Amino acid sequence: MKIKFWLLDLNYEFRNGIPEVWLWGITSDERRILIVDRRFKPYFYAVLKGDVNAEDIGNSILRLFPRNVIGFEVCERKVFGKNVKALKIYCSDPDRVDDIASKVKGLPNILDVYEYDIRFTLRYLIDNGIRPCGWIEVDCEPLDGYGNVKVDSIYLALDKPISIEDPSIPKLKILGFWFICLSSSGSPKPEKDPIIVISTIDGDGVEKMFTVGEDLSDLNILKRFIDYVNSYDPDIIVSYGSNSRLIPYLLERARRNGLKLCIDRVGSEPHTSLYGHISITGRINLDLFDFADEFQEVKVKSLENIAEYLGVMKAEGVIEDFEVQDYWHDPNRRGDLYRYSMDNVKRIMGVYRAIIDFAIQLSYLVGLPLDFIGTAAVGFRVEWFLIRNAYRFGELVPKRKEVLYQPYAGAIVLQPKPGLHENVAVIDFRSMYPSIMLTYNVSPDTYIPPEEPEPQCGVYIAPEVKHRFKRDPPGFYRDVLKTLIEVRDNIRSVIKGLSLEDPLYKVLDARQKAIKVISNAMYGYAGWIGARWYIKPVAEAVTAWGRSLISNTLKISSEIGLKVVYGDTDSLFVEYKPELVEKLLGRIRSELGFEARVDKVYVRILFTEAKKRYCGLLEDGRLDFVGLEVVRGDWANVAKIAQERVLEIIMHGEGVNKALDFIRSFIGRMRKGEIPFKEYIIWKTLTKDLSEYEVKAPHVEAARILKEKGFSLSLGDKVGYIISIGTGKLYERAIPYMLASKDQLDVEYYISNQVLPAVSRILEVFGVREEQIMSLGKTKTLTDFFKPKVSGKP
DNA sequence: GCTGGGCTCTTACCC
DNA sequence: ACGGGTAAGAGCCCAGCG
């Protein structure tokens, strides 16, 4: 019989000497099924020396490893674009492929071995051309003997699964959860601190809450939680921080209580996978924290901040770990704990709804299961996408090598013309780096090293660096990028015909966004020394062509008399004279062979002397803040608020005097203590282990204090601290914000080292020096603002 | 012993 | 554990100083 299903998750089991791939699926009539495929065998490639008899070598390998090697095929493949003769060597045990490959590598007439490090389940997906979060059809028959598996039906695959193009998504059963623990000091420790409330919400909005009694024994609530998960039987279990914190905590609490946390579909506990995330067999363990990086505007990546940013819920009523005991021991406030726990599940469900379409499409495009895709760093997302395409291209996947880091030149950034400019158009090249790779066939398999002769087809030569790339045939990157662009254009034209309410709209829009993300990350991948396909000249050539594009555009601008005020990498900021701008775009198209467009027009734009920092007023009255303190996460809010307000005043033409009035009154309010404590917190990331810091720094000292008090901190965490009154270095005066109070704040430090630098950076452009801001001396008049003078720099 | 200039370390941004 | 280019503050070092 033929079964069509949507692939949720997969794993493999080694049973009776046969590797079985288990495909967890959902059918269109919403049955949960398991398909077992015993037909797929693990393998690796051995590339042979040119003049040998492949059959003989294959047979000798068969004889050498009678139990482990079960067959071979002779085949033609490519290694960095060069044709090679290879043996595809099939093994019996997926876990021994690595080992056999390394032994085969040592045999005579073998040049090298490949693809022994591609995981079996991913190998299965790639070779069958099927994708997680996609529809699949397979010929199969019912299968018995898998009694402990919790699905509606189990089948044995009789043939290769086939991918079915169908963008629809079945109704998934979702369960969001959160819990709160009672710690006596610092962060809760699962070895001693019990869970006091577990809250859940399902996909239909049904809320459940499990609470402990006065005895603080969490045995019972863990049991009830486990039972509930199993009876609801979700496809996706979603939370925030599940991989690093929540599930490990639950596992340890269960263990302490003599329980097994059996919440998967085979009756076992969650386990850590090779990729570092926690796997719940047959379900998706979705950790929304893994997607927090997508929201660059949110600086402190807490659940409440992400949820607020996405418009789910205000970041209010938050109860921090160290405050839990106060609430618990106060009968009047215990309810607040329960409310907060449930609020967090509401936040989780809201964030889930905001990201799930994108996550599903990224999983589909890249081919990594939904629970890996979030955990995978950008480089690995690109890489798995490439590996899948390499198979199609006949290119063997190179192994990762240790490569020496060698920096290379990047993009051009122009010195901005400081001051206020009116009517400025931002011209940018559309997807500059991907376009360059496409146009000049820049790819690891088209690169011609200096010692090699020029091929028949001719070469493209990169400016400055002179790296050469074959004109033909299309390289691996060109092929992949071309497909991505075609698919994206296609989707965008389909979307245009859909109404916003059409369920397909959301799906397809998410898909085209996923494609864009991967396309734009290809250049970065190419220059990453950890990349399997890393070849420095590939990345170096891309930036060289980019620089020449920008400098040629500059030349054309000056030829046609269009003034340029700034530019960065793939953009030029020019005075907005529509006819001249059109002329420029036309010449870019005809003379340079690239597409550029007017990205936006600023009614007014302010540059300081610094690159990468400006503020622009858009036609609709909104302000763009770029690079300035306003958008940085490592300045106290007082500085950001003050700078933002000053820029509003200036950009809307209200004049320098009004800005000065504002600053003086703001500083006055700071001194009177009218600004809330939280606006003084400075957040900085711990980028290494505390012991590895070479110099003392405030956030590192604050982190040390926290650690001493029993708070757990790890790499990548943000530390919030304030600077307190006192003498000595800043790092001696830094106090973690949760241990500090308002009266300890060194307000004068914040005025002189946070607020004044942030606002004077702006006002300097108008000739206002920092000392003048505080003095009540003569200040500029309103008319001066319209004839801005640059401060007295050489 | 203190000061200030210059260098280094560190973080976070832009594209 | 995706690239290079850039700004900026605070720590740190040490020459120079009656």
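Guide: Contact, the term needed first, means heavy atoms within 4.5 Å. The structure above is a predicted model, in which local features need pLDDT of at least 70, side-chain atom pairs count only at pLDDT 80 or more, and totals for chains, interfaces and linings use all residues. Residues are numbered from 1 along each chain as its sequence is written, chains are lettered from A and ligands numbered from 1 in the order in which they are written, and side-chain values use heavy atoms, with hydrogens and water left out.

Visitor: Which residues does Gly 546 touch, neighbours up to four places away in sequence not being counted?

Guide: Gly 546, a residue of helix 14 (residues 536-560), touches Met 432, Tyr 433 and Ile 436 on that count. Helices (H or I, at least four residues) and strands (E, at least two) are DSSP runs, numbered from the N terminus.

Visitor: Why is Gly 546 called buried?

Guide: Buried means under 20% relative accessible area, exposed over 50%, and partly exposed in between (1.4 Å probe, protein chains only). Gly 546 has 3% relative accessibility, and therefore counts as buried.

Visitor: What makes Arg 388 buried?

Guide: Its relative accessible area is 9%, so Arg 388 falls under the 20% limit. Arg 388 belongs to helix 10. Its contacts, leaving aside neighbours within four places in sequence, include Leu 125, Ile 126, Arg 131 and Leu 365. Leu 125 is 263 residues from Arg 388 in sequence, but the C-alpha atoms are 8.8 Å apart in space.

Visitor: Which residues touch the most other members of the largest nonpolar core?

Guide: A nonpolar core is a set of buried Ala, Val, Leu, Ile, Met, Phe, Trp, Tyr and Cys residues joined through side-chain atoms within 4.5 Å. Of the 177 residues in the largest such core, Ile 236, Leu 286, Leu 370, Leu 386 and Tyr 477 touch the most other members. Helix 8 (residues 334-366) gives the most to this core, with 18 residues. Another core, of 61 residues, lies apart from it, with Val 646, Phe 711, Ile 722 and Leu 756 among its members.

Visitor: How do you know that strand 1 and strand 8 pair?

Guide: Two strands pair if DSSP finds at least two bridges between them. Strand 1 (residues 2-15) and strand 8 (residues 135-142) have five bridges in the antiparallel sense, and therefore meet the criterion. Trp 6 stands opposite Trp 135 in strand 8. Strand 1 is also joined by 10 bridges to strand 2 (residues 18-27), again antiparallel, and Asn 11 has Trp 22 of strand 2 as its bridge partner.

Visitor: What makes a residue near DNA strand C, and which residues come nearest?

Guide: A residue is near a molecule or strand if one of its heavy atoms lies within 4 Å of it. Of the 30 residues around DNA strand C, Phe 380, Gly 410, Gly 527, Lys 611 and Tyr 749 come nearest. Sugar and phosphate make up 86% of the atoms of DNA strand C that come within 4 Å of the protein. Helix 20 contributes the most to this surface, with four residues.

Visitor: Why is the pair formed by the side chain of Tyr 749 and a phosphate oxygen of DNA strand C called a polar contact?

Guide: A polar contact is a pair of N or O atoms within 3.5 Å; within protein, one must be able to donate a hydrogen and the other to accept it, and residues adjacent in sequence count only if both atoms are side-chain atoms. An N or O atom in the side chain of Tyr 749 is 3.0 Å from the phosphate oxygen, so the pair qualifies. A polar side-chain atom of Arg 613 lies 3.4 Å from a phosphate oxygen of DNA strand C.
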